[in-house]
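Me: I should like to learn how to read local features in a structure. Could you take me through some of them in turn?

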Amino acid sequence: MSVATPAPPPPLENTATGVIGEYTLPASWWTSDKVFEFEKRSIFARSWLYTSHTSRFQKAGDYFAYNFLGWNFFLIKSTNGNIKAFHNVCRHRAYPVIRKERGSSIILGCKYHGWSYGTDGKLRKAPQFDNVQGFNREDNSLFEIKTHVTKQGLIFVNFDNTEDSVPFETFFKGLETELSEFDFGDYEYHMSYELDGKFNWKTLMDGYQECYHCPTAHPGLNAAFKMETYKVVPKGNYCRHYCRIAEHEIAVQDAKEADPDTESSWFGFGRKKQQNSEPVKVVKKENPGGSFDGLWCYLFPTNGINCYSPAWYSIRVLPITANRTILQYDIFTKKGIEEEKKKEFVDFLQQVEIEDYDLCVLTQKNLREGIYSSGCLHPTKERGVLHYQGLVRDMVKKHFEAEQKAGKEINPATVGGAEPKEVQELEALCAKIEGKGEAGKECLEW
Ligand code: FES
Ligand SMILES: [Fe+2]
């Protein structure tokens, strides 16, 4: 299949004429544990989250297990060929049905009491329950999670179990068409890696959503792309990032010649100790970014799909606490390219990612100190930051109002609700003991 190369960047804007007036959200939103818990219910339980690509599932029964915000779930290729997602929670007494990160089986047996499920999530066997009067296997399927697989094979899940859940086509309107500019079928899985950082998920997204920092913080990326053409275009819940690639061959400083002490670093602490010495040796090398302008999409809230000619990669950002975030990268390389080229791309990517990682660690430290609260954003260069922070603000505010109105905590990801009346009553009692009762009024007061 041949597809057109991704669209070039839209025309440049005059960045000299913007008007100041927009500020970041306050730093407390990056450090508060309560806000973090609230984001789980208001943002993550309501959004479509990129998870994996269909090419990773070869045959029926192939599965991958994940943990997102503590929610254990897995994707599995069912015997009818569809990819399905289930909570990794046995319907009997909640033991995890799958205990490996990945594997393959068309029957999933729970190791606690031996209940077993098919790839469609239906309960197949429940030892010794068959003769129990009133027991219904149909009522005990695994809890299914909504999935959407795009034409390109990208798999998304959505934990929202309420009537208000937003369909994929509405949440990411236009994304699927836009992704058709890249031939995902011509790429195969290469490798994954993970970074574990002491920063809030939004600290990473702040950097991800602009390239204003690229000339100072990413020398390699800066050499491979024409940064003055970088543009972030918000499209609802996703943003397309555009930039023109530099020449096929780029000039980079010879790694052997590079000495951090001779460089002016982005901290501004660098020293130029060789002011009058030999000029730094520069070598020419093939552009690791490939041969065409990329197709890069930020997917609200925490994911990204980034396509270059030698490879594409996904980023899944897993918020762990208000001050800890795990970043997971899956890299897919063009079929048939040499190992050397794959390595070059991975080195290029990892260099950029570690530069961002370091920015986040030190930024988060300062956000926690209570000195800084908010800063002004550039009206065009940081438009992407403004846009996604606006989505965060709106979703949090909307959910806050809904909880206030309902007088109780609302977690859209909660499953069940069909429990017997007594279970529901005891659940309500627990909420009161916990202080999550009707508008706080019916909480137990001692
Ligand atoms: S918890 Fe799975 S069989 Fe009992
Ligand atoms: Fe960056």
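The dialogue below treats backbone geometry, exposure, strand pairing and contacts.

Reply: Please bear in mind throughout that this is a predicted model.

Me: Let us begin with the peptide bonds. Which bond is cis, with omega near 5 degrees?

Reply: The angle to read is omega. Here the bond leading from Phe 300 to Pro 301 is cis, its omega being near 5 degrees. Pro 301 itself belongs to the loop that links β16 (295-299) with β17 (303-307).

Me: Next, phi. What is the phi of Ala 94?

Reply: One looks at the sign of the angle and at the residue type together. Ala 94 has a phi near 75 degrees, which is positive although the residue is not glycine. Its position is in the loop between β4 (83-87) and β5 (102-104).

Me: Is Ala 94 buried or exposed?

Reply: Exposure is judged by counting neighbouring C-beta atoms, and a residue with 12 or fewer others within 10 Å is called exposed. Ala 94 is exposed because 12 other C-beta atoms lie within 10 Å.

Me: Where does Gln 128 lie?

Reply: Gln 128 lies in the loop between β8 (123-125) and β9 (144-149). Its phi is positive, about 65 degrees, and Gln 128 is not a glycine. Gln 128 has 9 C-beta neighbours inside 10 Å and therefore counts as exposed.

Me: I should now like to read a sheet. What is the order of the strands in the open sheet of three strands?

Reply: One follows the pairing from strand to strand. The order in this open sheet is β6-β7-β8, and the pairing is antiparallel. β6 (107-109) and β8 form the edges, since each pairs on one side only. From one strand to the next, the twist averages 35 degrees.

Me: How many bridges join β6 to β7?

Reply: Three bridges connect β6 with β7 (residues 116-118), and the two strands run antiparallel. As one case of such a partnership, Leu 108 is bridged to Tyr 117 in β7.

Me: Finally, contacts between distant parts of the sequence. How far apart in space are Glu 22 and Arg 383?

Reply: Separation in sequence and distance in space are to be read side by side. Glu 22 and Arg 383 are 361 residues apart in sequence, yet their C-alpha atoms are 9.5 Å apart. Glu 22 is located in the segment before α1 (33-44).

Me: Which residues does Glu 22 touch?

Reply: Leaving aside residues up to four places away in sequence, Glu 22 touches Leu 377, Pro 379 and Leu 386. Glu 22 counts as partly exposed because it has 16 C-beta neighbours inside 10 Å.

Notes: Residues are numbered from 1 along each chain as its sequence is written. Chains are lettered from A and ligands numbered from 1 in the order in which they are written. This is a predicted model: local features need pLDDT of at least 70, side-chain atom pairs count only at pLDDT 80 or more; totals for chains, interfaces and linings use all residues. Helices (H or I, at least four residues) and strands (E, at least two) are DSSP runs, numbered from the N terminus. A residue is buried if 20 or more other C-beta atoms lie within 10 Å of its own, exposed if 12 or fewer, and partly exposed in between; C-beta atoms are placed from the backbone. Two strands pair if DSSP finds at least two bridges between them. Axes are lines fitted to C-alpha atoms, for helices over the stretch in contact, and angles run from 0 to 180 degrees between N-to-C directions. Two residues are in contact if their C-beta atoms, placed from the backbone, lie within 7 Å.
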